[in-house]
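The following paragraphs lead the reader through one structure, from its overall architecture to individual side chains. Please keep the sequence and the coordinates in view while reading.

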Amino acid sequence: MADGTKLRDKRAKSRDDSGTTARGEETRARILAAALARFRRRGFDKTTMREIATAAKVALGAAYYYFPSKDAIVMEYYRDTQRRSTELTARAFAESTDVRERIASVIHTRLDVLSGDRRLLSAIFRGVADPDAPTSVFSPETEPIRAESMRELEDALAAWEGFTELDPDTRRVLVLALWGLEMGVILYFVHDTSPDQKKTRDLVDGAVDLVAAILPTAPLLAPILGDQVASILRSAGLLPEAPRRS
């Protein structure tokens with residue numbers, strides 16, 4: 001009898017926890033949506049957490065419970081867009097083994113995900129260049145997002161048979177170069193006023209064509225310039241330290 005009561009209590013608690021989690025996720029999503037809408041209309045700096053809470057129809061304390069700051073909201077937006085990009089890119093990779101197509105799909109997919117948020121991005125980009133902001137492109141907080149973005153590009157390059165034959169530093173340099181290209185494209189995309197941002201799309205296609213054309217020269221250039229380029233990037237903190245040779 002006692003065992004039966006414990007089992008019923010356990011099942012009831014499980015249902016309660018599940019309901020609480022579902023309600024919490026719904027509240028979190030509502031706060032995020034309200035915040036992003038306010039950022040689009042009023043800008044990041046002018047929007048207050050109180051306004052966000054009011055728009056989301058939650059108490060101010062609840063808004064701070066889910067998001068301790070506006071920067072935390074931006075970080076959640078970054079993570080969400082990265083998740084969507086990763087999922088869509090994986091589908092594109094499943095349909096093509098051509099390195100040019102795969103690199104293009106990474107960048108075009110990123111633009112597809114961000115296509116409705118150009119105004120929002122212009123509102124929150126002030127933190128991208130702020131070295132003290134957690135939303136900075138090189139901050140410790142954004143490191144997992146950077147790493148995932150670079151993994152996509154590395155997976156794209158892996159379709160080229162010569163990629164695995166390169167030394168680790170040269171592979172990292174190529175991935176970093178493509179990531180820098182992607183970041184530059186996004187910045188241009190935010191400012192592109194051409195219809196459907198066609199200039200940005202053409203820029204991506206032209207740049208990727210160039211990358212695909214020069215990739216075969218990487219094994220030839222790596223022994224000549226590889227160590228110097230890696231040393232420069234390592235000094236800037238953009239490459240990990242090389243392992244010590246015994």
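The model is predicted, and one of its helices, α10, merits attention at the outset. Within α10, the residues Ala 218, Ala 222, Gly 226, Ala 230, Leu 233 and Arg 234 are buried. An α-helix has 3.6 residues a turn, so residues three or four places apart point the same way. The partners against which the buried residues of α10 pack are α8 (168–191) and α9 (198–214). Helix α10, which covers residues 218–235, is not straight: a kink of about 65 degrees is centred on Leu 225. Its end C-alpha atoms are only 22 Å apart, whereas a straight helix of 18 residues would span 26 Å. After α10 comes Gly 237, with a positive phi near 80 degrees.

The wider setting of this helix is the protein chain, which contains 10 helices and 0 strands. Of its 246 residues, 40% count as buried. Contacts between residues at least 6 apart in sequence include 68% that join residues at least 24 apart. As for confidence, the mean pLDDT of the chain is 88, and 90% of the residues reach 70 or more. Over residues 10–19, however, the pLDDT is below 50, and this stretch has 0 contacts in the model beyond near neighbours in sequence. Where pLDDT is low, the predicted coordinates should not be read in detail.

Attention may now turn to the interior. In soluble globular proteins, nonpolar side chains tend to be buried together. Here the largest nonpolar core has 56 residues, and Phe 39, Ile 73, Ile 124 and Leu 157 are those with the most contacts inside it. Helix α8 gives the most to this core, contributing 10 residues. Where does the core lie with respect to domain 1 and domain 2? Both domain 1 (21–68) and domain 2 (70–236) give residues to the core, so it lies between them. The surroundings of Ile 73 can be listed: beyond four places in sequence, this residue touches Leu 32, Ala 35, Leu 36, Phe 39, Met 49, Ile 52 and Phe 67.

Helix α4 (residues 70–95) also holds Asp 71. Is Asp 71 buried or exposed? Asp 71 counts as buried because its relative accessibility is 17%, and the cut-off for burial is under 20%. Leaving out residues up to four places away in sequence, Asp 71 touches Phe 44, Arg 126, Pro 134 and Thr 135.

Ile 103 belongs to helix α5 (residues 99–114). Its relative accessible area is 1%, and the residue is therefore buried. With neighbours within four places in sequence set aside, Ile 103 is in contact with Ala 156, Leu 157, Leu 178, Val 208 and Val 211. Leu 157 is also one of the residues with the most contacts inside the largest nonpolar core. Between Ile 103 and Phe 93, 10 residues apart in sequence, the C-alpha to C-alpha distance is 9.5 Å.

The last residue to consider is Glu 182, found in helix α8. Glu 182 has a relative accessible area of 0% and is therefore buried. Which residues surround Glu 182, not counting those up to four places away in sequence? Glu 182 touches Val 106, Ile 107, Arg 110, Ser 149 and Leu 153. Helix α8 thus appears in several parts of this account: it carries Glu 182, it gives the most residues to the core, and the buried residues of α10 pack against it.

Methods. Residues numbered from 1 in each chain as written. Heavy atoms only, no water. Helix = DSSP H or I, 4+ residues; strand = E, 2+ residues; numbered from the N terminus. Expected span 1.5 Å × (residues − 1). Bend = angle between axes of the 7 residues up to and from the residue. Buried < 20%, exposed > 50% of the residue type's maximum accessible area, 1.4 Å probe, protein only. Contact = heavy atoms within 4.5 Å. Core = buried A, V, L, I, M, F, W, Y, C linked by side-chain atoms within 4.5 Å. Domains from an automatic or database assignment. pLDDT = per-residue confidence, 0-100.
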